[in-house]
Amino acid sequence: MILPIVAYGHPTLKKVAEDITPDYPGLQQLISDMWETMYAAHGVGLAAPQVNKSIRLFVIDASPYGEEHPELKDFKKVFINAHITDERGEEVTMSEGCLSIPGLNEDVSRKPSLTITYLDENFNPHTEEYSGFVARVIQHEYDHIDGVLYVDRLSAMRKLLLKNKLKDISEGRIDVDYKMIFPGLYKRRK
Ligand code: NI
C-alpha cells in the first residue's frame with residue numbers, strides 16, 4: 001500500500017524517533033509499504049518519520065545509481081535502530097533533495113565517511129563502513145530518525161531565503177505527483 005508522505009513542517013519530522021523491537025505491530029507490512037511508497041515517489045531512501053511513524057527505521061535502494069557507482073549495483077537495505085558511531089574526513093558539499101520537501105535541492109556539507117551499526121529486517125546486527133554517495137544517502141535518512149531535515153543544516157541566511165518556499169511546501173502550494181500530507185494546510189483549515 002502506498003502511504004502518504006508528510007511534508008515539511010509536520011511535527012513527526014521534528015521528533016527523535018524511538019528504537020523498536022521485533023514485535024513492533026505490523027513491521028514487515030510497514031517495511032513493504034515503505035518500499036512501495038518510495039518507488040512510487042522515485043526516491044532512493046525513505047525514513048519511517050516521513051510516513052508519520054516516529055520509529056528508527058529507514059530503507060535505501062541505491063541500485064539505480066549502480067551504473068555511475070558499481071559498488072551500489074545491489075545496494076538495497078533496511079536499517080532498524082541504526083546508530084552512526086563515527087563520521088570522518090573533510091566535509092564535502094553535495095546537492096540533496098528530500099521527498100518531504102519536493103521541488104527543492106540544496107547543497108549540504110557533510111563528512112564523507114561513516115561507521116554505522118544497525119539491525120536488518122530480520123533483526124540481525126550489522127556494523128558497516130561507508131563512503132561517498134551511499135554514505136551521503138545514509139546520513140540524510142539517519143537525520144530523519146533523529147528529527148533533522150537537510151534544510152536544518154543550511155546556513156541561517158540560506159534558510160531565511162528559503163522561508164517562503166518552505167511555507168508553500170508545508171501548505172501544499174506545490175506540484176507533486178505523489179500522495180502527501182501538508183501540515184500547514186490543516187492548520188489553515190482549522
Ligand atoms: Ni529526506
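Which residue forms a salt bridge with K159? In this predicted model, the partner is D152, and the closest N and O atoms of the two side chains sit 3.1 Å apart. Neither end is hidden away: D152 has a relative accessible area of 29%, so it lands in the partly exposed class, and K159, at 27%, counts as partly exposed too. Keep that pair in mind, as salt bridges come back below.

Let's go to the metal. The nickel ion is held by C98 through SG, by H140 through NE2 and by H144 through NE2, with distances of 2.1 to 2.2 Å. If you like to read sites as sequence patterns, the donors follow C-x41-H-x3-H. The x3 part has a simple structural reading: H140 and H144 are four residues apart in helix α2, which means about one helical turn separates them. Both H140 and H144 are buried. If you're setting up this site, bear in mind that water is not among the atoms, so the site may look incomplete.

Now for the largest pocket, which holds about 480 Å³ of space. Its lining is made of 24 residues, and those nearest the centre are V44, E96, G97, C98 and N105. One of these, C98, is the nickel donor we just met. Which element gives the most to the lining? That's α2, with six residues. Both β5 (92–96) and α2 (132–145) supply at least two lining residues each. As for chemistry, the lining splits into 11 nonpolar residues, 10 polar ones and three charged ones.

Helix α2 also takes part in the charge pairing. D143, in helix α2, is joined to R153 in the loop between α2 and α3 (156–161), and the two residues are 10 apart in sequence. Their salt bridge brings the closest N and O atoms to 2.6 Å. The two ends differ in how much surface they show: D143 is at 5% relative accessibility and therefore counts as buried, while R153, at 45%, counts as partly exposed. This pair doesn't stand alone, either, as D143 and R153 belong to a salt-bridge network with E96, R110 and R136. E96 was also listed among the residues nearest the centre of the largest pocket, which gives you a link between the two topics.

Across the whole structure there are 16 salt bridges. Another one of them joins the side chains of R56 and D19, at 3.7 Å from N to O. R56 sits in the loop between β2 (45–47) and β3 (57–61), and D19 in the loop between β1 (5–6) and α1 (27–40), so this contact ties together parts that are 37 residues apart in sequence. Is R56 buried or exposed? At 5% relative accessibility, R56 counts as buried. D19, at 46%, counts as partly exposed.

Last stop: the hairpin. Strands β7 (residues 113–119) and β8 (residues 125–131) run antiparallel and pair over seven bridges. For a concrete contact to look up, take Y118, whose bridge partner in β8 is H126. Five residues lie between the two strands, and in this hairpin F123 adopts a positive phi near 65°.

Note on methods. Residues are numbered from 1 along each chain as its sequence is written. This is a predicted model: local features need pLDDT of at least 70, side-chain atom pairs count only at pLDDT 80 or more; totals for chains, interfaces and linings use all residues. Side-chain values use heavy atoms; hydrogens and water are left out. On a 1 Å grid over the protein atoms alone, a cavity is a set of points where a 1.4 Å probe fits but cannot get out, and a pocket is an open set with protein on both sides within 12 Å along at least five of seven lines; lining residues have an atom within 4 Å of a point. Grid points are joined across faces, edges and corners, and a volume is the space filled by probe spheres set on the points. Ala, Val, Leu, Ile, Met, Phe, Trp, Tyr, Cys and Pro count as nonpolar, Asp, Glu, Lys and Arg as charged, and the others, Gly among them, as polar. Donors are N, O and S atoms within 2.8 Å of the metal (3.2 Å for Na, K and Ca); water is not among the atoms, so sites may look incomplete. Buried means under 20% relative accessible area, exposed over 50%, partly exposed in between (1.4 Å probe, protein chains only). Two strands pair if DSSP finds at least two bridges between them. A salt bridge is a side-chain nitrogen of Lys or Arg within 4 Å of a carboxyl oxygen of Asp or Glu.
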